[in-house]
Amino acid sequence: MSNPLLDFSGLPRFAEIKDEHITPAINFLLKENRTVVEKVRGDNHIPTWQNFVQPMVDASERLSRAWGQVSHLNAVMNSPQLREIYNENLPMITQFYAELSQDLLLFEKFKQLRGSEEFDQLTSARKRIIDNELRDFRLGGAELPSDKKQRFLQIQEELSSLSSKFNDNLLDATNAYSLFIEDAETVAGIPTDVLQAAKELAEADSRTGWKFTLHMPSYLPVLQYADNRDFRGKMYRAYVTRASEFDVQAGLNKDNMLLINKILALRQEEAQMLGYENYAEVSLATKMATSPQQVLDFLGKLAAKAKPYAERDLQALRQFAAEKLDLAELEAWDLTYASEKLREERYAFSDQEIKQYFPEDKVLAGMFELVDKLYGIRIVSAAASCNIQCWHPDVKFFDIYDANEQLIGQFYLDLYARPTKRGGGWMDDAITRRQIENQQTGGHAIQIPVAYLTCNFSAPVTINQQSRLALFTHNEVIVLFHEFGHGLHHLLTQVEDLGVSGINGVEWDAVELPSQFMENFCWEWDVLAGMTQHIDTGESLPRALFDKMLKAKNFQSGLQMLRQIEFALFDMYVHFDFKPDGVKTVLQLLSDIRRDVAVIIPPDFNRFPNSFAHIFAGGYAAGYYSYKWAEVLSADAYSLFEETASDGVVNAATGSHFLEEILAVGGSRSALESFIAFRGREPELDALLCHNGMETA
């Protein structure tokens, strides 16, 4: 217990974790796991769940929980020392799991259990776990000839290392750039709270004026509001060339394109070793979609629907920019600025105006009230509780209680951007719900699930010597609801077996269903009205202003959808029929895709792939399409709330149905089965098109 990473009796002890704890803990847990594996390998009894599967589950969970804490800290409190230790231990973790997935004896024991009489008596959740294990052994190289297994293992280790390096380069490049502005005329148009944050950043560096960075709360308002075109252009160029050959701040040794080519070559080699034509087929082996062509057809159908709307959006923007902004030619760094101006003129409001109505405390209270009405759960701050340790003073912690006042889940909430934190928003599991044996009583207990919810929003600022609450744009509210939806999927599960509890075992192209589903409520008056309060006047969001927001909901939806489709097509093609052999480069492939589907072509210096961490450093390789795939599911699921609405869509009966058939079952059955159980039929595309203004209701 002197090493906090080896204490699994409760919540992580973040305040006590030191760099020197990591390697001894990981070494200890790897040794423990290998001992357990050797024991079950050598057991001559017929394999059962209790004598074969459960011992490995117990040991593996301890390792994954400890390593999960280290990985989380590396993502949110990154430092040179922690990064070095993380990268030293990562190959050992990768090697252990890669060796495990190649173990032919374990594979045979799982097959023996699958064919045994006991299998027929197991719960559906445990049956699915065993089937998933058999699939993963095949994908892990268990059936490879012994002379090829070592190479396959090397590939896994190299890919793991390269992905980590990709993230490191991107974070370093983001942190390395800053632009100091002394002239007030240059920052004209930028909102007061953003300027105040920039002023505080400059003061922290003992400088006058304003400091702007490539972190989203600083970068985006510049592109959106700064009247100075050259200023926007400098920031844009710095942002889209991060971790590239143009990134002089980060240095040429941090060019992520070098890593991308290596990653793609290794993934292709891995696929061919497993008997697949390409890595896309490997990726889809664990997803709802059955083939790359099915995905390409799906994206092509969406693109055909979206492109006319995108062309109309762009034409309107160009005309407005020429007539009202004196921008005869729209450059890439003008698009966000001109779009904001057009929206202000067309709908008579701005993002900044809306932002004043969304202080953090009201947003959180409103979001928690919503899930109380939908699912009958109560969320309360646990900040005053003892023994809760967080990794940063800004982090909040919450308890979730069911209708019987039983504690059913807990989560950390880390909302604000900072230099030590990688960009974007995400949910990750700290502890997963499962049934555990009580060593003292001999009975069983349920392990309470715990989640990390992470965003990168603007922190509170001090204006006129008064500290103000953090204010969220409506888009940030949507992001928060999205990540909270992931969190609810993890936290509200009723499954008691680790492998399919929460989001575990859920097909990757369906895992976005609960998160995107939650976004819909951000457009409901009955929800928003109760979660707004103007930061200065204290007034709630006026209905007239909300109606303007609603009219603007699908503003440039064609451009937005086509942009996502462009990314998804690039991801699928780069893992499907692209050969990293030098004949065609990654950038040329992306250029070809843009010529086919895009209406906006970025400048030649844009290096988007170099920051596409979702597919080169995350879990979305040949899976980025899942955002659109799952959006079909989420829109169709939400349409049932619309159909059953009597006094608003916040319908407790339909909410309970969604909880029981989608959230509670986790990965214990296929996502399609869960969707049909909720919706009564297979998913249809119409609801998504309708929600995006591309189809009549």
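The paragraphs below go through salt bridges, a pocket and two cavities in a predicted model.

Side chains of opposite charge can pair when their charged atoms come close. The structure holds 46 salt bridges, and a few of them serve here as worked cases. In helix α8, which spans residues 192-204, glutamate 203 and lysine 199 lie four residues apart, about one turn of the helix, and their side chains meet in a salt bridge with an N to O distance of 2.6 Å. Glutamate 203 counts as partly exposed because its relative accessibility is 45%, a value between the limits of 20% and 50%. Lysine 199, at 35% relative accessibility, counts as partly exposed as well.

A second pair within one helix is found in α16, residues 360-375, where glutamate 369 and lysine 373 are four residues apart and therefore separated by about one helical turn. The side chains of glutamate 369 and lysine 373 form a salt bridge at 3.3 Å, N to O. Glutamate 369 is partly exposed, with a relative accessible area of 39%, and lysine 373 is also partly exposed, at 47% relative accessibility.

Another salt bridge joins glutamate 345 to lysine 324, with 2.8 Å between the closest N and O atoms. This pair links distant parts of the chain, since glutamate 345 belongs to helix α14 (residues 335-347) and lysine 324 to helix α13 (residues 292-324), with their positions 21 residues apart in the numbering. Glutamate 345 is partly exposed at a relative accessible area of 46%, and lysine 324 is partly exposed at 49%. Beyond such pairs, salt bridges also link Asp636, Glu643, Arg679, Arg681 and Glu684 in a network.

Helix α8, already met through glutamate 203 and lysine 199, returns in the description of a pocket. The second largest pocket has a volume of about 710 Å³, and of the 34 residues that line this pocket, Ala197, Leu201, Pro217, Ala417 and Ala459 are the closest to its centre. Two or more lining residues come from each of the elements α7 (146-176), α8, β2 (210-213) and α9 (216-225), and α8 contributes the largest share, seven residues. By class, the lining of the second largest pocket consists of 18 nonpolar, eight polar and eight charged residues.

Turning from the pocket to enclosed space, the structure holds two cavities of 30 Å³ or more. The largest cavity has a volume of about 110 Å³; it is lined by 14 residues, of which His489, Val506, Ala510, Ile662 and Ala671 are the closest to the centre. The elements α18 (513-519) and α26 (671-679) each give two or more residues to the lining of the largest cavity, and α26 gives the most, with three residues. Seven nonpolar, five polar and two charged residues make up the lining of the largest cavity.

The second largest cavity has about 30 Å³ of space, and its lining is made up of Leu264, Gln268, Tyr279, Val574, His575, Phe578 and Pro580. Five of the residues in the lining of the second largest cavity are nonpolar and two are polar, while no charged residue takes part.

Definitions and conventions. Residues numbered from 1 in each chain as written. Predicted model: local features only at pLDDT ≥ 70, side-chain atom pairs only at ≥ 80, totals over all residues. Heavy atoms only, no water. Salt bridge = Lys/Arg side-chain N within 4 Å of Asp/Glu carboxyl O. Buried < 20%, exposed > 50% of the residue type's maximum accessible area, 1.4 Å probe, protein only. 1 Å grid on protein atoms, 1.4 Å probe; cavity = no way out; pocket = protein on both sides within 12 Å on 5 of 7 lines; lining within 4 Å. Points joined across faces, edges and corners; volume = space filled by probe spheres on them. Nonpolar A, V, L, I, M, F, W, Y, C, P; charged D, E, K, R; others polar.
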